[in-house]
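Colleague: I am new to this model. Could you take one part of it and go through that part closely?

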Amino acid sequence: MIKILIVEDELPISKLIEMNLTDAGYTCTCAYDGVTGADLIEKHTYDLILLDIMLPGLNGYELFEYIKPMNIPVIFITAKAALNDRVRGLHLGAEDYIVKPFEVLELLARVEVVLRRYNKSQRMLVYGDVTIDTFSMVVTKGGQKVNLTPKEFDLATLFVRNKNITLSRDRLFELVWGSDYDGDTRTLDLHVLRIRKKLGWENCLKTIHRIGYRLE
């Protein structure tokens, strides 16, 4: 299980991040000031740290200097949007720099990119009786292998990684089809129909009218 430390002093933002990362299958711990964050890092092992900059007690830049020798990837999450702040954060050695307010889907995608870079990407995704092995690209339901096409596999993985998040049609096309998208939305609808049938998601993979889809 991938373990992520969230060091963020704004409780609503911290809880939002924790909820969505937990739904995506990660194990999260929260710290609300820099000193507590340092104490947790000293006592426990983490695969990734999401770090605010403006923290009480010990700011994010100072805490980062403490983290740096441990070779734990860090993503700064901050309201400091100025270019010089971004440059400073990246020059210090952070893997990424996300400015508040941010889209949850973007945060999840960036977390996954950094974890893949460190070979820590979550291999097994589980939703009910469906298990997705993201390395071997094998999907099982109730222990029985389910044959999905590559595009169906990519869509199913996206839905599980982003449970309870509405994914727009444009975003799904961008992430799964990329430049191959021909503008025909029936292609997406057909793939979703097949995923529902193959994985038994008729009642949980919802159509959000005029927007897209959400796995609940």
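Modeller: Arg-86 has a relative accessibility of 36% and is therefore classed as partly exposed (between buried, under 20%, and exposed, over 50%, with a 1.4 Å probe and protein chains only). The model is a predicted one, in which local features need pLDDT of at least 70 and side-chain atom pairs pLDDT 80 or more, while totals for chains, interfaces and linings use all residues. Residues are numbered from 1 along each chain as its sequence is written, and side-chain values use heavy atoms, without hydrogens and water.

Arg-86 belongs to helix H4 (helices are DSSP runs of H or I, at least four residues, numbered from the N terminus). Its C-alpha is 20 Å from that of Asp-9, and the two are 77 residues apart in sequence.

H4 spans residues 83-92, and its axis comes within 11 Å of the axis of helix H3, residues 60-67. The two axes cross at roughly 15° (they are lines fitted to C-alpha atoms over the stretch in contact, with angles from 0 to 180 degrees between N-to-C directions). H3 and H4 are therefore roughly parallel (an angle under 35 degrees). The crossing of H3 over H4 is right-handed, that is, the near helix is turned clockwise from the far one by less than a right angle.

On the H3 side, the contact (heavy atoms within 4.5 Å) is made by Tyr-61, Phe-64 and Glu-65. H4 contributes Asp-85, Arg-88, Gly-89 and Leu-92. Sorted by type, the residues of this contact are 3 nonpolar, 1 polar and 3 charged; Tyr, Phe and Leu count as nonpolar, Asp, Glu and Arg as charged, and Gly as polar.

Terms used. Helices (H or I, at least four residues) and strands (E, at least two) are DSSP runs, numbered from the N terminus. Angles under 35 degrees count as roughly parallel, over 145 as roughly antiparallel, 65 to 115 as roughly perpendicular and the rest as oblique.
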